[in-house]
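Good morning. I have one model to show today, and I will keep to a few local features. Please have a look at it first.

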Amino acid sequence: MPKNKYAFFRGEIRPIEEAKVSVMTSAFNYGTGVFEGIRAFWNEEEKELFVFRMPEHYARFLRSCKILLLDLPYSVEDLCQITLELLRREGFQEDVYIRPLAYKASEEIGVRLHNLESDLAIFALPFEAYLPPGGIRAMVSSWRRIEDNAIPARAKITGAYVNSALAKTEAYLAGFDEAIVLNEDGQVAEGSAENLFLVRDGVLITPPITANILEGITRDTVMTLARDLGLPVVERPVDRTELYLAEEVFLTGTAAGLAPVVEIDHRKIGTGKPGPIFNSLRDLYERVVRGKEKKYRSWCTPVYSRPAA
Ligand code: PMP
């Protein structure tokens with residue numbers, strides 16, 4: 001039994017049982033869809049659900065659509081309104097994961113992007129923890145990150161997630177929690193579904209957006225919070241062995257939140273425990289996403305009560 005009752009599908013909010021596609025759907029055959037992962041966080045004191053950085057997620061969604069020539073008749077504001085309406089209908093009073101999906105909906109054989117119908121689906125589920133709490137044991141994957149000139153990693157393309165799935169399952173079957181994926185240049189790209197940060201000599205470092213990574217929203221959030229805390233932040237290419245020597249390594253993502261990596265390829269990272277920079281950023285992040293930090297409150301859209309104009 002699904003834990004959600006509704007989906008936005010074919011232009012309206014319907015019972016989830018009605019949100020079904022045919023086996024002939026183009027995107028099902030060829031992976032020609034794009035998606036988002038958005039979270040909403042329950043604030044118990046205010047009895048309010050806050051969607052985190054929703055316009056930024058939908059702006060990235062429309063950028064992904066542009067790359068795949070997916071034409072949706074919706075603006076960022078329209079997509080936000082549909083999402084808020086869906087969440088109100090569900091009535092969630094807990095943390096939520098929201099999954100928008102745009103896809104080539106024509107029921108036709110023929111691999112292409114042109115002359116096909118596009119459609120939009122959105123559903124939302126209660127959130128379940130994505131990575132184990134505590135510390136993550138990771139391995140550098142034998143799989144390489146997809147290239148911008150093959151399948152652009154900056155778009156969240158459904159078919160491209162075969163690359164993430166290969167890396168994630170290789171790591172899981174080898175007894176690790178997560179994979180760290182190098183790009184074709186042999187430098188660090190990201191986790192299977194998270195961006196990566198490391199700390200060297202007190203400087204927070206993350207690979208640049210030209211390293212075949214997803215331009216992560218949590219990545220941007222962490223860089224903003226770090227700079228506001230007065231920490232130096234640098235975007236630059238990262239070598240594999242820098243991971244082994246870092247004082248701290250952590251992963252960031254909508255589903256993962258901020259997750260400390262305590263071991264990589266059987267080398268202990270730093271002290272083998274979550275480090276002080278990670279701890280301070282994670283504590284702040286956890287407050288920010290629930291609307292508990294006034295300074296960042298504009299990142300949080302309340303679901304049940306609109307802010308006073
Ligand atoms: N990289 C990949 C490949 C991802 O799938 C995700 C999850 N969306 C991320 C990074 C993290 O991005 P965000 O912080 O926007 O969720």
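I will go through the ligand site, then two helix pairs, then two backbone angles.

Before anything else, this is a predicted model, so please hear every value as computed from that prediction.

Let me start with the ligand. There are 16 residues around the ligand, and the ones that come nearest are Arg60, Tyr161, Glu190, Thr218 and Thr254. Thr254 also appears among the polar contacts: an N or O atom in its side chain is 2.6 Å from an oxygen atom of the ligand. Lys156 contributes through its side chain as well, where an N or O atom is 2.8 Å from a nitrogen atom of the ligand. With Ile217 the backbone is involved instead, and one of its N or O atoms lies 2.8 Å from a ligand oxygen atom.

Now the first helix pair. Ile217 is where helix α5 begins, since that helix covers residues 217-228. Its partner is helix α7, residues 276-289, and the two pack at an angle of about 115 degrees with their axes 11 Å apart. The limit for roughly perpendicular is 65 to 115 degrees, and therefore α5 counts as roughly perpendicular to α7. The crossing is right-handed. On the α5 side the contact is made by Thr218, Thr221, Val222, Leu225 and Ala226, and on the α7 side by Leu281, Leu284, Tyr285 and Val288. By class, that is seven nonpolar residues, two polar and no charged. Note that Thr218 is in this contact and is also listed among the residues that come nearest to the ligand.

What about the second pair, α2 and α3: at what angle do they pack? The angle is about 120 degrees, and the axes are 9 Å apart. That makes α2 oblique to α3. Here, too, the crossing is right-handed. From α2, the contact takes in Met54, Pro55, Tyr58, Ala59, Phe61 and Leu62; from α3, it takes in Val76, Leu79, Cys80, Thr83 and Leu84. These residues divide into ten nonpolar, one polar and no charged.

Last, the backbone. Which loop holds Leu69? Leu69 sits in the loop between α2, residues 54-67, and α3, residues 76-90. Its phi is near 50 degrees, a positive value in a residue other than glycine. Asp201 is not a glycine either, and has a positive phi of about 50 degrees. Asp201 is found in the loop between β11, residues 195-200, and β12, residues 203-206.

That is what I had. Questions, please.

Conventions. Residues are numbered from 1 along each chain as its sequence is written. This is a predicted model: local features need pLDDT of at least 70, side-chain atom pairs count only at pLDDT 80 or more; totals for chains, interfaces and linings use all residues. Side-chain values use heavy atoms; hydrogens and water are left out. Axes are lines fitted to C-alpha atoms, for helices over the stretch in contact, and angles run from 0 to 180 degrees between N-to-C directions. Helices (H or I, at least four residues) and strands (E, at least two) are DSSP runs, numbered from the N terminus. Angles under 35 degrees count as roughly parallel, over 145 as roughly antiparallel, 65 to 115 as roughly perpendicular and the rest as oblique. A crossing is left-handed if the near helix is turned anticlockwise from the far one by less than a right angle, and right-handed if clockwise. Contact means heavy atoms within 4.5 Å. Ala, Val, Leu, Ile, Met, Phe, Trp, Tyr, Cys and Pro count as nonpolar, Asp, Glu, Lys and Arg as charged, and the others, Gly among them, as polar. A residue is near a molecule or strand if one of its heavy atoms lies within 4 Å of it. A polar contact is a pair of N or O atoms within 3.5 Å; within protein, one must be able to donate a hydrogen and the other to accept it, and residues adjacent in sequence count only if both atoms are side-chain atoms.
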